[in-house]
Amino acid sequence: MIAVAVSLNLVIALFCFYVAWRLWRLSKTLGAVADALMNWDRNANYILDPAVVPPAILLGQSGTAYLRQRYSLLQLQVQRLEQLMAVVGLLPMASRWLGVGRRRLSSRNVVALAKRR
């Protein structure tokens, strides 16, 4: 009976040592995570310093506004170019309609064509 009690106490003690060891490892891991979070917070505060960030944001906003303005001008130029290309594309068809593409045969050309045949 004593052997059963001692062995049962020994099993309980080993289980408690195992739980204590796991809790100790968990506390080490949580400590490392807390340190990493503190470092991230410190770095974020350093990077997002109110004395530094607003001028940088304003500079970026002005650059973005400039790019938007240039883009709208380029869009207008592209639209005009597309219209010009559409008109240029219609020129051969318009010349056929107007008869500009036909050459009038002069007397020299008639003679030259007759000799070729």
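In what order do the elements of the protein run, from the N terminus on? They go α-α-α. Hi everyone, that is my starting point today. Please keep in mind that this is a predicted model. The secondary structure comes to 3 helices and 0 strands.

Let's begin with the whole chain. The protein has 117 residues, and 0% of them count as buried. It exposes about 11,400 Å², with carbon and sulfur atoms supplying 68% of that area.

Now to helix H1, which covers residues 2-47. How many aromatic pairs does the structure hold? The count is 1. Its partners are Tyr-18 and Trp-21, with ring centres 6.2 Å apart and planes at 40°, so we call the pair tilted. For that label, the angle has to be neither under 30 degrees, which would be stacked, nor over 60, which would be edge-to-face.

Where do the two sit along the helix? Tyr-18 and Trp-21 are 3 residues apart in H1, which puts about one helical turn between them. Here is a handy rule: an α-helix has 3.6 residues a turn, so residues three or four places apart point the same way.

What about their accessibility? Tyr-18 has 44% relative accessibility and counts as partly exposed. Trp-21, at 41%, is partly exposed as well.

Both residues also help make a nonpolar surface patch of about 860 Å². Joining them there are Phe-15, Val-19, Leu-23, Trp-24, Leu-26 and Leu-30. Take Leu-26: this residue has its place in helix H1, and its 46% relative accessibility makes it partly exposed.

On to helix H2, residues 53-98. Does its length add up, or fall short? At 1.5 Å a residue, its 46 residues should span 68 Å, and the end C-alpha atoms are 66 Å apart, which agrees. Still, H2 has a kink of about 35° at Leu-91, shortly before the proline Pro-92.

That's my tour, thanks for listening!

Methods
Residues numbered from 1 in each chain as written. Predicted model: local features only at pLDDT ≥ 70, side-chain atom pairs only at ≥ 80, totals over all residues. Heavy atoms only, no water. Phe/Tyr/Trp six-rings, centres within 6.5 Å; stacked < 30°, edge-to-face > 60°. Helix = DSSP H or I, 4+ residues; strand = E, 2+ residues; numbered from the N terminus. Buried < 20%, exposed > 50% of the residue type's maximum accessible area, 1.4 Å probe, protein only. Patch = residues over 30% accessible without salt bridge, like charges linked within 9 Å, V, L, I, M, F, W, Y side chains within 5 Å. Areas by Shrake-Rupley, 256 points an atom, 1.4 Å probe, with all protein chains shown as cover. Salt bridge = Lys/Arg side-chain N within 4 Å of Asp/Glu carboxyl O. Expected span 1.5 Å × (residues − 1). Bend = angle between axes of the 7 residues up to and from the residue.
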